[in-house]
Every structure is written in C-alpha cells, then in structure tokens.
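Me: I have a few questions about how the words used for a protein structure are earned. Could we go through them together, one at a time?

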Amino acid sequence: MFNDTSYKQAYPGEALTRLTDASGNNVSYTWNGGNYTAQVWKTGSPCVYNKIVFNNGDSNGGGVDQIGKKKTGDLNLFPGCFYQADGSKWLGSLTDAGREATVDTGGSDSGGGDNPGDGTLDGFTVDSGFTFKINDVTYTVYQNAAGNEFKVRIPLAAGANWTTVQKNGRDYGLEQSSQSYDVPKSGVDIYLTNVHSNNISLNASSAGNYIATFTYDNGNTGTIMISSVLKES
C-alpha cells in the first residue's frame, strides 16, 4: 500500500493473512453462479494510503488484473471494500449488494485530493454493475440512493485518455469512433448507448484526479449521459 510520497513496506509488500472464522475455518465465498470460490484475505490498516498493488510475492512478477497473473496494476484503495481479482473490481460486500459509503477523516494531507478517504464518495454507494475504464484500467462506479446518478473518480493523464463504459459486461458507446472531448468540463453531455460500442477519448488539459458524473437519459437505461468531468480540488 502506498500514496504519492511513501509506501507501507517495500515491494512486494506485506504478506496477506487468510481470514478465518471463530472455529479457525478459512473464510470463502462464491460469485458468478458459484463457478469460482474465493478465499478472503486481509492486511493491515489502510488509513494513510490510497493506492494498493496485489501480487503473489514475486518481485519480478508481471501481468495486470487477472487471476493467475503475478500482480495487478496500481489500484485505487477503497477502505472497507473487497477486491475481486476476477473482473478486477471492488465489491461493497461479499454478496455484491453494495454498502454504505465509507468516510475516512484520517491522514495528514489536508488538501483533499489524495486523502485516503477520497476512495469513496459521500452519499454514494458502490454500484457493482457499471465498470468505467480509462486506458483499459477499471475504476469503481458509485451510485446515489435512487440509483439514477453515478460518479467515478478517475486519474487522467494530460492528453488523450481512452474511455470505456460497461453495464453488466455490455458496452455503452458512440455510433462513430475516435471522438474526443476536452476536460475538465461541466455540461459536456456525452450520450452513450448500449447499441453502440465505440469508445471515446477524454482529453485532459492537465493530469490529476477527475470526477465523472453520469445519469440515465430521461430514465432510459439504454442510454447514459456523461454530464460533467471535473478536476478534483
């Protein structure tokens, strides 16, 4: 685990501990209809870190975000959530049903953007159906209580950032390919439909963490509208 200035322990990091119940049995759960059984692991408190890499202890390992690979990429750390390597996403609970938003007031950075508690968004809970990818790296999407407004925190590099949005594995995209939108911007109104799959480029004026907000278009779940992509202060 690490942040912009320090890490908890030199790579490959701190060994995980398999969770056990009161009787000493290993804790596990299943998903995808029970086709895969996962054991649940834990490590120390993430209270001053906002990034994490999972690996098999091999300092020379490669590969990104898949079971069977030796390490993930750099992941945003979401306190209180569970990382599912199969699909590379964070779950709010082991039943994949969401959870209350976590607010962490700890940390020494009073500037806001890199505080460890910023992994979650106040008043929003994890939406496990949507996935939001920037340059093929997946980021967690959050929804409001009504389930009609969604937010995702994404680190954008200066310049082009190729973006893919999916719901339950189905793409939302553009009819025409290679379209680009300059950000930060409010009222950008990018309409993506689940009958098209062309992705888009978010052209950031400067590198940093951005918050993308989107909604269903007038309640139509077949179309989403990205209404703003704003740099986090």
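Me: What makes β17 and strand β18 (residues 220–231) count as a pair, and in which sense do they run?

Reply: Happy to help, and please keep in mind that this is a predicted model. Two strands are called paired if there are at least two bridges between them. β17 and β18 share eight bridges, so they pass that cut-off, and their sense is antiparallel. One place to look is isoleucine 211, which stands opposite leucine 230 in β18.

Me: Which strand is joined to β17 by the bridges of strand β11 (residues 149–156), and how many bridges are there?

Reply: The question names the strand already, so here is the count: β11 and β17 are joined by eight bridges and run antiparallel. Since at least two bridges are needed, these strands pair as well. For an example, find lysine 151, whose bridge partner in β17 is threonine 213.

Me: Why is strand β17 (residues 208–217) described as largely enclosed?

Reply: A residue is buried when its relative accessible area is under 20%. Seven of the ten residues of β17 are buried, so the rest of the structure largely encloses this strand.

Me: What is asparagine 135 called, buried, partly exposed or exposed, and why?

Reply: Its relative accessible area is 42%. Buried would need a value under 20% and exposed a value over 50%, so asparagine 135 is partly exposed.

Me: And why is aspartate 136 called exposed?

Reply: Aspartate 136 has a relative accessible area of 66%, and the cut-off is over 50%, so the word exposed fits. Both asparagine 135 and aspartate 136 sit in the loop between β9 and β10.

Me: What makes the phi values of these residues worth pointing out?

Reply: Most residues other than glycine have a negative phi. Asparagine 135 has a positive phi near 50°, and aspartate 136 has a positive phi of about 70° without being a glycine. Asparagine 218 also takes a positive phi, near 50°, in the hairpin of β17 and β18, where two residues lie between the strands.

Me: Which peptide bonds are cis, and what are their omega values?

Reply: Most peptide bonds are trans. Here, the bond joining tyrosine 11 and proline 12 is cis, with omega about 15°. Proline 12 belongs to the segment before β1. The bond from valine 183 to proline 184 is cis too, with omega near 10°. You can find proline 184 in the loop between β14 and β15.

Methods: Residues numbered from 1 in each chain as written. Predicted model: local features only at pLDDT ≥ 70, side-chain atom pairs only at ≥ 80, totals over all residues. Heavy atoms only, no water. Buried < 20%, exposed > 50% of the residue type's maximum accessible area, 1.4 Å probe, protein only. Helix = DSSP H or I, 4+ residues; strand = E, 2+ residues; numbered from the N terminus.
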